[in-house]
Amino acid sequence: MKKVALLVLLGAAALLPIKYGVAQERAALAITVKDHRFEPAELRAPANRPISISVKNADSAPIEFESVSLRVEKVIGPGASGTVNVRPLAPGRYEFFDDFHQQTRGTLVVQ
Amino acid sequence: MVTTNKQKKIGTLLRLSLHRPVLNVAIAAVALFACRVSAQAQDNNAFHEIETKYIFGTFTVGSSTGIEGEKAFEPETQAAFGKRGGGYAASATTLEFEYTPTQYLQIIGGPIVSYYNIRNVPDLDDRNLATVSGFEAEFRSVLIDRGPSPLAVTLSVEPEFHSRDETSGAKVVNYALDVKLEADAELIKNRLFLGFNLLYEPETTRGDLGMWSKESTFGISSALAFQIVPNVVVGADLWYLRHYEGALFDSFTGDAAYLGPTFYWKIAPKMLMSATWQAQIAGHEQGINAAFDLTDFSRYRARLLLEFEF
């Protein structure tokens, strides 16, 4: 029983050192959804820095800004704005989309 | 009027099709699906990023930990069939609530409802019973993020409590801890994935005589998953499991290898299903000269998961 309790503690401890980035200034990006399209459709950001994306919904229907690889989602009402914060990323291309209108898609290029 | 063999065959087919509307619908559905596969498989732009957690059928779990703020309800049923003689079926359905509080951590928990249908199985009491049988929680944390490397790794720690023995359904007090490394690699972008899991599961059980006994299971898996059309993934999953008495692999009792197909379907943006059926294709039980280990493991096993995001 003690061994199992020890294993539970070790397992829990293993979850603690989760890699949160040290305090760094966020790279600020902005994007608008209009006529079910992202404008611009491609965003660019520096690598290994936290990112803040301000999303404005200029459409008359709600949107859900979502990305599997960025691991973020946010519902934004018609005419409203919202901000999503993204962890520091390695260089690469990261897709995002509107989960309520799946054809509305864009890309974040991290360099 | 002379009827040729060819005309007879056509007549037979026509009669069959008239008398079998269900068959007609099935043939039409398969034909439509085949057309869709053939058309969409050519268009790589139709394939987008996919969360890998459930694409390997859920015995092998992918590395994705969900999207920050995401909440979901996930009924997941695991079933086991077949022992050495008699009739054996047992299932455990976990009514899971899943929450992703950060981009690195996912928390899951819920009660377990079990069903046992056991008749004339050597060393097991007959039982026909459905009952709430325990509770499990799971904490999943990203260890290696998918970035420039196609490999991603997640650590899963899953403490469990059971008030019924998972195999026999007898009343027990059981504490278990599933510790899993869940890794996957993207071989072809958004299309082909390779998954690996490493499992260590120690558990301790108090039976009806009041004595505590410990056991442990070690497992390793490899799975391949191919997104055949957008939002539909098919594949195969191979597991090798070793069972021991004692929490730290003290005394080997048996091993088993399972192989089976997997199926994943993202039905709607907020709803998915994942399923697998696996057969024990090789195994050995210590001290018994027979094919398979049917004491520590079952002849067949299956899993079905539904996810409803809200």
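Biologist: In the hairpin of β1(B) and β2(B), which residue takes a positive phi, and how many residues lie between the strands?

Modeller: Most residues other than glycine have a negative phi. In this hairpin, five residues lie between the strands, and Gly82(B) takes a positive phi near 90°. The model is a predicted one, in which local features need pLDDT of at least 70 and side-chain atom pairs count only at pLDDT 80 or more, while totals for chains, interfaces and linings use all residues. Residues are numbered from 1 along each chain as its sequence is written, and chains are lettered from A and ligands numbered from 1 in the order in which they are written.

Biologist: How many bridges link β1 and β2 of chain B, and in which sense do the two strands pair?

Modeller: Strands (E, at least two residues) and helices (H or I, at least four) are DSSP runs numbered from the N terminus, and two strands pair if DSSP finds at least two bridges between them. Here β1(B), residues 71-81, and β2(B), residues 87-99, pair in the antiparallel sense over 11 bridges, with Pro75(B) opposite Leu95(B). Strand β1(B) is also joined to β12(B), residues 300-309, by eight bridges, again antiparallel, and there Thr77(B) stands opposite Leu304(B).

Biologist: What do the 12 strands of chain B close into, and in which order?

Modeller: They close into a barrel that follows the order β1-β2-β3-β4-β5-β6-β7-β8-β9-β10-β11-β12, with antiparallel pairing. From one strand to the next, the twist averages 20°, where axes are lines fitted to C-alpha atoms (for helices over the stretch in contact) and angles run from 0 to 180 degrees between N-to-C directions. Within this chain, β7(B), residues 192-206, and β8(B), residues 212-229, pair over 15 bridges, and Asn197(B) faces Ser221(B). Besides its 12 strands, chain B has two helices.

Biologist: What order do the strands of the open sheet in chain A take, and how are they paired?

Modeller: This sheet of four strands has the order β2-β1-β4-β7 with mixed pairing. Strands β2 (37-39) and β7 (81-86) stand at its edges with a single partner strand each, so one side of each is left without a neighbour in the sheet. Neighbouring strands are turned by 25° against each other on average, direction ignored. Strands β1(A), residues 27-34, and β4(A), residues 51-57, pair in the parallel sense over seven bridges, with Ile31(A) opposite Val55(A).

Biologist: Are Asn48(A) and Phe292(B) buried or exposed?

Modeller: A residue is buried if 20 or more other C-beta atoms, placed from the backbone, lie within 10 Å of its own, exposed if 12 or fewer, and partly exposed in between. Asn48(A), in the loop between β3 and β4 of chain A, has a positive phi near 60° and is exposed, with 12 other C-beta atoms within 10 Å. Phe292(B), in the loop between β11 and β12 of chain B, has a positive phi near 75° but counts as buried, with 23 C-beta neighbours inside 10 Å.

Biologist: Which elements of chain B have the lowest and the highest mean pLDDT?

Modeller: pLDDT is the predictor's confidence in each residue, from 0 to 100. Helix α1(B), residues 5-19, has the lowest mean, 49, and strand β9(B), residues 232-245, the highest, 97. The mean for chain B is 88, and 85% of its residues reach 70 or more. Where pLDDT is low, the predicted coordinates should not be read in detail.
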